[in-house]
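Let's take a friendly walk through this structure. Please have the sequence and the 3D view at hand as you read.

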Amino acid sequence: MKIAFIGTGIMGKPMAQNLQKAGHTIVLSDHFIQPPQELVTAGALVCRNPSEATKLADVVILMVPNTPQVQEVLFGDNGVEHGIQASGNAASKLVIDMSSIAPIPTKEFAARIKESGAQYLDAPVSGGEVGAINGTLSIMVGGDQAAFDQAYPLFEILGQNITLVGENGAGQTCKVANQIIVALNIEAVSEALVFASKAGADPARVREALLGGFASSKILEVHGERMVKGTFEPGFRISLHQKDLDLALNGAEALGVSLPNTETAQALFDECVALGGENWDHSALVKAIEKRAGHSIRD
C-alpha cells in the first residue's frame, strides 16, 4: 500500500519505519517539519501538504500530539479532507487517527470524513517508544468492522494486542482509561521506591524483589528501572500524559464520575512541570514524590 503518515515524532517515526520495512510505500508531508531523512533515504515520498499526500495514498495515518493538531491536519487548508474530495476515489481511502485525543471530537471528525466518502478509524496506541520501535504496541480501535478488517494487516506490523473496542470514539475512550491506569501505576511505583529508599533499603534490589511477586508490572519493570537509574529522556513526555489526564478529568466531570487518584497524579505531574520537567519522561513523576520526601532514591 501507499500510506500517508502524518506525524513522525518519537512514536510516529519508528511506526512509519516498521511499515516501510514491511514493504509499504510511505508518503510524508513537509507542511510542518522536515520529514526524517531516514525515511526519505529508504524511499519515502515527500509531498507539500496532507492533501497532496492523501491523493497519493490508500491509507492515511495520523500520529500527532493533540485534538487541535488532528483537526488541523484533517480539515485545515490543504488538509486530508480536501485530498479525499479531490482524489476521485474517496471510497477506497481509509483514514486512521492513531493519536491520543478527545473522544467526542473524534466522533465528529469520523462523521465528517465519512461524509467525504472515506472510512475512518480511531486507533490510539499504548506501549511507548519501545513498543513503537519493536512493533509491540497495544492498539485500541474504534470504528466499523469492515474498516478494521482492512486496517488489520497494518496493525499487525505495528502492534500485538489489537482490539476493536466499539464504534468511532471507543478507541479514544479506551486510551483515556489506559492513561489513567498507567499514571496511577507510575505514582504507585514512585511512592514505593521512595518509601523503601528513605527507610534504608536499596531501591534497585527492592524493585528486583517486587518483580517476582504480585506487585510486578510493566511499569515496575521499565519505569522502575528508569527511576532507579535516573534516565528520564522521554519515551512519553510528561506534557503529553498531562494532556491525556485532562481528557480523563474533563470527561469524568461531564459524566459525573469522581477520579480522585487521577487528580492526585495530575497534581504530581504539575509539580514536575514546576521543576522544569515538562519534557521529562513520565516516569520522572518520582521526582515530585522525592521532593515531597526531601530524599532522592539515586543519592
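The sections below go from the nonpolar cores to one strand and its partners, and then to the aromatic rings.

## The nonpolar cores

Please keep in mind that this is a predicted model. A good place to start is its largest nonpolar core, which holds 30 residues. Phe5, Met15, Ile96, Met98, Ile139 and Phe155 are the members that touch the most other members. Seen by element, two or more residues come from each of the strands E1 (2–6), E2 (25–29), E4 (59–62), E5 (94–97) and E8 (137–142), and from each of the helices H1 (12–21) and H8 (145–158). Helix H8 is the top contributor, with six residues in this core.

There is also a second core, separate from this one, with 23 residues. Among its members are Ile84, Val95, Ile101 and Phe109. As general background, nonpolar side chains in soluble globular proteins tend to be buried together.

## Strand E8 and its partners

Is strand E8 enclosed or open to the outside? Five of its six residues are buried, so E8 is largely enclosed by the rest of the structure. Strand E7 (residues 125–126) pairs with E8 in the antiparallel sense, over two bridges. Strand E9 (residues 159–166) pairs with E8 in the parallel sense, over six bridges.

Two residue pairs help you find these pairings on screen. Val125 has Ile139 of E8 as its bridge partner, and Ser138 stands opposite Asn161 in E9. Together, E8, H8 and E9 make a β-α-β unit, and this unit is right-handed.

Ile139 deserves a closer look. Besides its place among the core members with the most touching partners, Ile139 has these contacts once neighbours within four places in sequence are set aside: Met98, Ala123, Pro124, Val125, Phe155, Leu158, Gly159, Asn161, Ile162 and Thr163. Val125 is thus on the list of contacts of Ile139 and is also its bridge partner.

## Aromatic rings on helix H8

Across the whole structure, a search finds three aromatic pairs. One of them joins Phe148 and Tyr152 in an edge-to-face arrangement, with 5.6 Å centre to centre and 65° between the planes. These two residues are four apart in helix H8, which puts about one helical turn between them. How do they differ in exposure, buried or partly exposed? Phe148 is buried, at a relative accessible area of 8%, while Tyr152 counts as partly exposed at 30% relative accessibility.

Phe148 also pairs with Phe155: the ring centres lie 6.3 Å apart and the planes meet at 45°, so this pair is tilted. Both Phe148 and Phe155 are buried. Phe148, Tyr152 and Phe155 form one aromatic cluster, and Phe155 is also one of the residues touching the most other members of the largest core.

## Charges over rings

Two further aromatic residues have a charged end for company. The charged end of Arg112 sits over the ring of Phe75, 4.1 Å from the ring centre. Likewise, Lys287 places its charged end over the ring of Trp280, 4.0 Å from the centre.

## A last stop on helix H9

Finally, have a look at Ala192 in helix H9 (residues 170–198). Ala192 is partly exposed, with a relative accessible area of 33%. Arg207 is 15 residues from Ala192 along the chain, and the C-alpha atoms of the two are separated by 9.1 Å.

Methods
Residues numbered from 1 in each chain as written. Predicted model: local features only at pLDDT ≥ 70, side-chain atom pairs only at ≥ 80, totals over all residues. Heavy atoms only, no water. Core = buried A, V, L, I, M, F, W, Y, C linked by side-chain atoms within 4.5 Å. Buried < 20%, exposed > 50% of the residue type's maximum accessible area, 1.4 Å probe, protein only. Contact = heavy atoms within 4.5 Å. Pairing = 2+ DSSP bridges. Right-handed = clockwise from strand over helix to strand, strands pointing away. Phe/Tyr/Trp six-rings, centres within 6.5 Å; stacked < 30°, edge-to-face > 60°. Lys NZ or Arg CZ within 6 Å of the ring centre and 35° of its normal.
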